[in-house]
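Reader: I'd like to learn how to read a fold from its elements, its burial and its contacts. Could we walk through one together?

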Amino acid sequence: MSRAIKSECSVCGATFVSVAAFDIHRVGSYLPRSRRCMTVNEMQAEGLIQDDKGWWGFDPAQSRPSQTDLATCYSQAGRQQKGSVSR
Ligand SMILES: [Zn+2]
C-alpha cells in the first residue's frame with residue numbers, strides 16, 4: 001500500500017492523514033452554508049487523534065466500525081446460508 005494522501009481543510013486549517021478522516025470532521029447537511037467543521041472535542045469523540053505532526057487520523061488502537069460491521073455482516077450471511085432461518 002502506498003502512503004496515505006493527506007487532506008488539509010481550507011476552512012479550519014486542520015490536516016488529516018486520510019480523506020476518510022477529513023470527511024468525518026465535516027458535519028451538517030449538504031447545503032453549502034450549513035456544513036461546518038467539528039471542534040477538537042468532537043473529533044476526539046469520533047475516535048480521531050493528532051499525531052506528532054499535528055495531523056488528524058483514526059486512532060489505531062480503536063477498531064474501525066466499518067470493518068467490524070463488514071465482518072459481522074459476512075458471518076451472519078454465512079450462518080443464514082448454512083442453517084434454516086426460523087424466527
Ligand atoms: Zn475543517
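**Reading helix 1 and its surroundings**

Author: Gladly! Let's start at Phe22, which lies in helix 1. Keep in mind that this is a predicted model.

Reader: Is Phe22 buried or exposed?

Author: The general idea is to count the C-beta atoms around a residue, with 20 or more within 10 Å as the cut-off for buried. Phe22 has 20 other C-beta atoms within 10 Å, so Phe22 is buried.

Reader: And which residues is Phe22 in contact with, leaving aside neighbours within four places in sequence?

Author: Those are Ser7, Cys9 and Phe16. For a partner farther along the chain, look at Trp56: 34 residues separate Phe22 and Trp56 in sequence, yet their C-alpha atoms are 8.2 Å apart.

Reader: Which residues make up the largest nonpolar core?

Author: First the general idea: in soluble globular proteins, nonpolar side chains tend to be buried together. Here the largest nonpolar core has eight residues: Ala14, Phe16, Val17, Ala21, Phe22, Met43, Leu48 and Trp56.

Reader: What is Trp56 in contact with, beyond its neighbours within four places in sequence?

Author: The list is Ala14, Thr15, Phe16, Val17, Ala21, His25, Met43, Leu48 and Gln50.

Reader: Let's go back to helix 1. Why is Asp23 exposed?

Author: The same count works at the other end of the scale, where 12 or fewer means exposed. Asp23, within helix 1 (residues 19-25), has 11 other C-beta atoms within 10 Å and is therefore exposed. The C-alpha atoms of Asp23 and Cys37 are 9.6 Å apart, with these positions 14 residues apart along the chain.

Reader: Where does Ser18 lie, and how does it count for exposure?

Author: Ser18 sits in the loop between strand 2 (15-16) and helix 1. Because Ser18 has 16 C-beta neighbours inside 10 Å, it counts as partly exposed. Ser18 and Trp55 are 37 residues apart along the chain, and 9.6 Å separates their C-alpha atoms.

Reader: What about Asp51: where is its place?

Author: Asp51 belongs to the loop between strand 5 (48-50) and strand 6 (56-58). With 10 other C-beta atoms within 10 Å, Asp51 is exposed. Its C-alpha atom is 9.8 Å from that of Phe16, 35 residues away along the chain.

Reader: Now let's zoom out. In what order do the elements of the chain run?

Author: From the N terminus on, the order is β-β-α-β-β-α-β-β-α, giving three helices and six strands. Of the 87 residues, 10% count as buried.

Reader: How many of the contacts between residues at least 6 apart join residues at least 24 apart?

Author: For this chain, the share is 38%.

Conventions: Residues are numbered from 1 along each chain as its sequence is written. This is a predicted model: local features need pLDDT of at least 70, side-chain atom pairs count only at pLDDT 80 or more; totals for chains, interfaces and linings use all residues. Helices (H or I, at least four residues) and strands (E, at least two) are DSSP runs, numbered from the N terminus. Two residues are in contact if their C-beta atoms, placed from the backbone, lie within 7 Å. A nonpolar core is a set of buried Ala, Val, Leu, Ile, Met, Phe, Trp, Tyr and Cys residues joined through C-beta atoms within 7 Å.
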